[in-house]
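Subject: Structure handover and side-chain findings

Dear colleague,

Please find the structure below, followed by notes on what was found in it. I would be glad if you could read the notes with the coordinates open beside them.

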Amino acid sequence: MSAQESTATESVPVSFLPTTVSDTYPDEDEKKQKSEDPEEKPTFYQRFRLPIHIAAIMLYTGYMIAVWILHGRDSLVMSLIWAFVTLKVMFYHVPTTILTKPLGWFFSRLIRFAMRFPSKVRWIGSVVLTVGLIVGVTLGLPVETGHSNLTDRVRSLGGLCVFILTLYATSSNRKRIPWATVIVGILMQFILGLFILKTSVGYDVFHWLSDLCSTLLEFSNDGLAFIAGEDVAKTQVFATTVLPAVLFFAAIVKIVYFFGGMQWMVKKVAWFMVRVMGTSGAESTVAAASPFVGQGESALLVLPFLETMTKSEIHSTMVSGFATISGSVLVGFISMGVDSQSLITSCVMSTPCGLAISKMRIPETGEPVTKGKVRIPESEDKESNFLHAAANGAAQGVQLAFLIGATVLAFMSLLALVNALLTWAGNFINIDHLTLELIMGYVFVPFIWLVGIPQTDCIDVARLMATKMFVNEFVAFGNLTSPTMVQKLLPRTQALAVYCLCGFANFGSIGIQIGALGSMAPSRRQDLAQLAFSAMLCGTMSTLMSATIAGMLM
């Protein structure tokens with residue numbers, strides 16, 4: 001992994017996509033042709049959109065006034081939603097320049113001021129500010145009784161430094177590491193963790209999101225009770241708790257896609273990451289979508305650009321899939337009893353960290369086609385209405401549920417076979433109960449210790465990490481939430497273990513990513529196979545770094 005590569009600019013496969021400013025995208029000609037067609041007669045909504053919007057906002061505001069009067073202290077999330085909807089509707093009629101121009105003026109002056117200093121001074125200043133903020137907050141925050149002590153926090157801080165040095169040592173091209181991207185990514189991860197874990201606003205918002213996900217499970221139980229009966233729905237087994245939740249949430253995600261909500265959210269987050277982290281539009285879009293959709297589905301958002309991606313972009317795309325979990329699977333984990341707020345927090349924190357880690361491991365040596373811009377192509381198969389979208393989502397959910405169930409069944413059976421063989425071989429040298437988790441668990445112990453997990457629980461969590469990597473995260477979370485493990489582990493260990501396990505980084509997912517991305521970009525299958533193992537290790541490192549930052553803040 002530490003071999004040096006040439007600094008020469010890598011070549012990118014030829015594609016039908018534009019590679020120069022004068023070229024056009026395939027669908028631009030269609031848009032021009034549509035613009036020449038005769039205009040259709042405006043609908044009733046189009047003619048009276050302004051008064052309809054004003055009336056709707058007035059009604060919504062009246063409702064919010066009642067909420068503020070009756071539940072003033074508990075209406076933070078509702079107020080944020082009201083503010084978002086109001087601004088969104090307002091900008092249908094008012095140009096966004098009333099906000100972007102003042103902000104642009106402020107930041108342009110700020111950038112000009114910073115650019116007056118030499119590059120070395122700017123570099124040293126950014127490093128000092130970042131390190132000072134992280135160290136100061138880690139050592140200055142009050143310690144929570146029963147969760148940690150100052151020694152645990154310092155160990156987590158040291159673990160973060162060791163992980164960064166390890167990535168630097170194993171980089172394919174140390175001279176081309178974009179340190180600005182790395183620093184911003186780690187700083188964003190730390191600030192997100194600080195906002196969620198240590199501010200009342202962040203805690204309330206993400207607590208509301210976790211409650212919302214938990215509430216969704218009740219509706220999936222209603223559907224299962226209608227099909228199989230109340231007795232089956234109340235059975236707390238994997239097939240009746242996890243799989244129906246996955247299927248139901250897949251339908252919800254598809255409906256949100258139909259109304260454009262998912263694309264809008266992903267595009268805004270990707271735009272921010274392009275501007276702040278300096279990553280390309282394609283890899284930023286995949287990273288922004290990964291916490292919401294699966295490993296293959298996130299890449300579909302940039303399908304036209306997969307063939308022309310550089311190796312660094314392909315690596316970042318795969319790391320983003322390994323470093324997080326999809327929304328459908330997240331709901332499945334919640335149904336198993338995993339803390340929902342820790343799961344959501346881990347997914348959000350791992351998004352910028354995955355890009356930063358990937359750029360350290362495989363720095364950019366080419367010229368991305370989507371550098372500096374975000375473009376999400378329209379889907380070719382647009383549903384006719386939201387019912388059609390729900391049906392398609394349910395169909396995709398069935399495939400995902402069967403895939404999860406079949407994978408868990410197959411890997412659990414194979415694991416039992418391997419463990420039986422190891423135990424049989426171990427008996428000849430007087431080693432009882434020799435298993436794969438036992439062997440690989442000791443390999444993970446140093447990494448788990450660096451995360452900041454109490455020493456008494458390091459071996460147990462290391463075995464869970466081994467189970468997650470060699471089997472999958474469902475089995476690992478199932479072991480984590482078992483009554484025996486819950487009683488055995490300390491509260492700090494239980495919380496940080498969720499961050500460590502919250503990702504798709506396992507050998508089974510390597511096959512899923514190579515198969516899914518390879519079918520979308522057949523000419524890049526060799527690159528996908530070469531980069532897959534590195535991307536899985538980087539995804540694991542991303543979840544461990546999220547756990548270290550959580551350990552620094554607890």
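Phe470 counts as partly exposed at 25% relative accessibility, where buried means under 20% relative accessible area, exposed over 50% and partly exposed in between, with a 1.4 Å probe and protein chains only. This is a predicted model, in which local features need pLDDT of at least 70 and side-chain atom pairs count only at pLDDT 80 or more, whereas totals for chains, interfaces and linings use all residues. Residues are numbered from 1 along each chain as its sequence is written, and side-chain values use heavy atoms, with hydrogens and water left out.

The structure holds 10 aromatic pairs, a pair being two rings of Phe, Tyr or Trp (its six-membered ring) whose centres lie within 6.5 Å, with planes under 30 degrees apart called stacked, over 60 edge-to-face and the rest tilted. One of them joins Phe470 and Phe507 in a tilted arrangement, 5.3 Å centre to centre and with 35° between the planes. Phe470 lies in helix H20 (residues 458-470) and Phe507 in helix H24 (residues 507-520), so this pair ties together parts that are 37 residues apart in sequence; helices here are DSSP runs of H or I with at least four residues, numbered from the N terminus. Phe507, partly exposed at 35%, also forms a tilted pair with Phe533, at 6.3 Å centre to centre and 35° between the planes. That second pair links helix H24 with helix H25 (residues 525-553), which holds Phe533, across 26 residues, and Phe533 is itself partly exposed, at 42%. Elsewhere, ring pairs link Phe333, Phe474 and Phe477 into a cluster.

Phe333 and Phe477 also appear among the residues with the most contacts inside the largest nonpolar core, which has 88 residues; such a core is a set of buried Ala, Val, Leu, Ile, Met, Phe, Trp, Tyr and Cys residues joined through side-chain atoms within 4.5 Å. Helix H25 gives the most to this core, with 14 residues. Leaving aside neighbours within four places in sequence, Phe333 is in contact (heavy atoms within 4.5 Å) with Ile325, Val338, Leu343, Glu473, Phe474 and Phe477. Apart from the largest core lies another, of 10 residues, among them Ala245, Ala270, Ala288 and Val331.

For the charged side chains, the count comes to six salt bridges, each requiring a side-chain nitrogen of Lys or Arg within 4 Å of a carboxyl oxygen of Asp or Glu. Glu283 and Lys359 form one of them, with the closest N and O atoms 3.0 Å apart. Because Glu283 lies in helix H13 (residues 281-289) and Lys359 in helix H17 (residues 340-361), the pair ties together parts that are 76 residues apart in sequence, and both residues are buried. Another salt bridge joins Lys488 and Asp460 at 3.2 Å between the closest N and O atoms, and Asp460 is buried at 10% relative accessible area. A third example is the bridge between Asp527 and Arg524, at 3.0 Å from N to O, in which Asp527 is buried at 13% and Arg524 is buried at 3%. Salt bridges that share partners join Glu283, Lys359 and Glu364 into one network.

Finally, the structure holds zero disulfides, a disulfide being a pair of cysteine sulfur atoms within 2.5 Å. For Cys353, the nearest cysteine sulfur is that of Cys538, 9.8 Å away, and Cys353 is buried at 1% relative accessibility.

Best regards

Conventions
Helices (H or I, at least four residues) and strands (E, at least two) are DSSP runs, numbered from the N terminus.
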